[in-house]
Amino acid sequence: MFENYVGDKQMDKSKIVGKADIACKGSGSEWSDLKRIVFSFHDFKSLPCEHGKMSLSSPLRCHGHLWNVRMYPGGEKDKKYVTVYVCRIWEGGDNSSQVKANIFLRIPTTYSRSNHGMWNVDNKTFTCEKPGVGWPTFLPRNEMYHYLNEGTLTLEVGLQVLKNNPSRDYAFKASLWKPSPTLGKDILRLLESGDLADVTFTVGLETFSAHRAVLASRAPALADLVRDTPTGAVVSLDDGNRIDPSIFRSLLRFVYGEELPPPEDLKRDARALLEAANRFGCVRLKLAAESAIVYEGIAVSTAAELVLFAEAHDCALLKEVAVDFFVDRAAEVMASEGWSVLTESASTVLELTEALARRSTSLEREETTDDIERMRVVTLRRKLDDKNLEVDGSRTILVKRLKTASS
């Protein structure tokens, strides 16, 4: 299907490449001589023309590197256009090495109405992560047929590469290293030191210095408690909704540095952390704690209790999983101690009864459906997050929010 060869004897150099157009590009001693390779796509009209379908040439070696052409006859993004990429093939070794090249691409043609000369990209850096350069809308597909020679499309690629320079190579590799991010650690140090703190919370016998600006961004409900207090105010959280000092400390460390407790502590304190996060508006911690509860799993003895807990705190994912469990093992859950407490909520009993009657409606919800009503909670949250919308709330709220955003 493909024929590739190095173009020395096969073509008249003066006709293919004008000296003023190519030879002067990168003509300094640091650049290699211009060499050309030719890729012939035989029977072009029979190549797969489905949108996004790639036709890959065989590789050719030039300037010590392997190259190929990746073509999308039916277009990669726009199906009306042929897409063409010139790529360097990585042959293993140091992934941080690079090749810098000038690329010239043309179609040798006798088509008299052609308005196209040469496509070129100068000083392109080819790396392991970015091995190619191309033209997503190279030419309209129907126009490409004019360039065929007995059914064959020929692409000529001219290549110049920057010669090896140990100092430059080291500089490139050195530039790849970047210091590790320290923002979270730096903000945590601000919490730990208390420097520039402008409010103090008392929880039990412990005090916690904090910064209103950080709270306003990361735990707005907590910030609201001190919004109108003077600088340096001391605010007690020992009200009717008492919180354990260790839980409040974990909440602040997450607020400042997104630091979660160690796995065993998170497993033990997940519900308390979720309650605190929900109370103070720290949505990300709430979702992390909810995930920890879900990951731990639902049991017959906890299913009814967790349904009520999820409802009380608008935990859509936890409720979905708990209802799924109930539908699957309804008789056992209804015989558990927690069921008697759940029956005090008539609306919850009705919801579970309807779910049971439909036989696992929630289990039939799909991950890949376009019907918002049938989406799983994880999918709803992902789509909302992609739209930079709030992901907290009950399933009903998530569905309504996504429908509004999609209308």
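**Exercise 1. Asn-388 and Glu-258**

Is Asn-388 buried or exposed? Determine also where Asn-388 lies, and treat Glu-258 in the same manner.

*Solution.* The structure is a predicted model.

Step 1. The relative accessibility of Asn-388 is 73%. The cut-off for an exposed residue is over 50%, and Asn-388 therefore counts as exposed.

Step 2. Asn-388 belongs to the loop between α17 (377-386) and α18 (395-406).

Step 3. The backbone of Asn-388 shows a positive phi of about 60°, although the residue is not a glycine.

Step 4. Glu-258 sits in the loop between α8 and α9 (263-280). Its phi is near 50°, again a positive value in a residue other than glycine.

Step 5. With a relative accessible area of 34%, Glu-258 is partly exposed.

**Exercise 2. The chain as a whole**

State how many helices and strands the chain has, what share of its residues is buried, and what share of the contacts joins residues at least 24 apart.

*Solution.*

Step 1. The chain contains 18 helices and 13 strands.

Step 2. Of the 407 residues in the chain, 42% are buried.

Step 3. Take the contacts between residues at least 6 apart in sequence; 64% of them join residues at least 24 apart.

**Exercise 3. Strand β5 and its partners**

Establish how far β5 is enclosed, and describe its pairing with β3, β4 and β6.

*Solution.*

Step 1. Strand β5 covers residues 65-72, and seven of its eight residues are buried, so the strand is largely enclosed by the rest of the structure.

Step 2. Strand β3 (residues 55-56) runs antiparallel to β5 and is joined to it by two bridges. Ser-55 has Met-71 in β5 as its bridge partner.

Step 3. Strand β4 (residues 60-62) also pairs with β5 in the antiparallel sense, over three bridges. Here Leu-60 is matched with Trp-67 of β5.

Step 4. β4 and β5 form a hairpin with two residues between them. In the turn, His-63 has a positive phi of about 55°.

Step 5. Strand β6 (residues 81-89) and β5 pair over seven bridges, in the antiparallel sense. The bridge partner of Asn-68 in β6 is Cys-87.

**Exercise 4. The sheet β12-β11-β13**

Give the strand order and the sense of pairing in this sheet, and explain why β12 and β13 each have one side without a neighbour.

*Solution.*

Step 1. Three strands make up an open sheet in the order β12-β11-β13, with mixed pairing.

Step 2. β12 (206-210) and β13 (233-236) are at the edges. Each has a single partner strand, so one side of each lacks a neighbour in the sheet.

Step 3. From one strand to the next, the twist averages 25°.

Step 4. Strand β11 (residues 199-203) and β13 run parallel and are joined by four bridges. Val-199 has Ala-233 in β13 as its bridge partner.

Step 5. Helix α8 (residues 245-257) lies across β11 and β12 and runs at about 15° to β12.

**Exercise 5. The packing of α10 and α12**

Classify the arrangement of α10 and α12 from the angle between them, and then describe the residues that meet.

*Solution.*

Step 1. Helix α10 (residues 283-296) packs with helix α12 (residues 316-328) at an angle of about 15°, and their axes are 9 Å apart.

Step 2. Angles under 35 degrees count as roughly parallel. α10 is therefore roughly parallel to α12.

Step 3. The crossing of α10 past α12 is left-handed.

Step 4. From α10, Glu-290, Ser-291, Ile-293 and Val-294 take part; they meet Ala-316, Leu-317, Leu-318 and Val-321 of α12.

Step 5. Sorted by class, this contact of α10 with α12 comprises six nonpolar, one polar and one charged residues.

**Exercise 6. The surroundings of Lys-383**

Locate Lys-383, and find which residues it contacts beyond its neighbours within four places in sequence.

*Solution.*

Step 1. Lys-383 lies in helix α17.

Step 2. The relative accessible area of Lys-383 is 33%, and the residue is partly exposed.

Step 3. Once neighbours within four places in sequence are left aside, Lys-383 is in contact with Met-375 and Leu-402.

Step 4. Lys-383 and Leu-398 are 15 residues apart along the chain, and their C-alpha atoms are separated by 10.0 Å.

Terms used: Residues are numbered from 1 along each chain as its sequence is written. This is a predicted model: local features need pLDDT of at least 70, side-chain atom pairs count only at pLDDT 80 or more; totals for chains, interfaces and linings use all residues. Side-chain values use heavy atoms; hydrogens and water are left out. Two strands pair if DSSP finds at least two bridges between them. Axes are lines fitted to C-alpha atoms, for helices over the stretch in contact, and angles run from 0 to 180 degrees between N-to-C directions. Contact means heavy atoms within 4.5 Å. Angles under 35 degrees count as roughly parallel, over 145 as roughly antiparallel, 65 to 115 as roughly perpendicular and the rest as oblique. A crossing is left-handed if the near helix is turned anticlockwise from the far one by less than a right angle, and right-handed if clockwise. Ala, Val, Leu, Ile, Met, Phe, Trp, Tyr, Cys and Pro count as nonpolar, Asp, Glu, Lys and Arg as charged, and the others, Gly among them, as polar. Buried means under 20% relative accessible area, exposed over 50%, partly exposed in between (1.4 Å probe, protein chains only).
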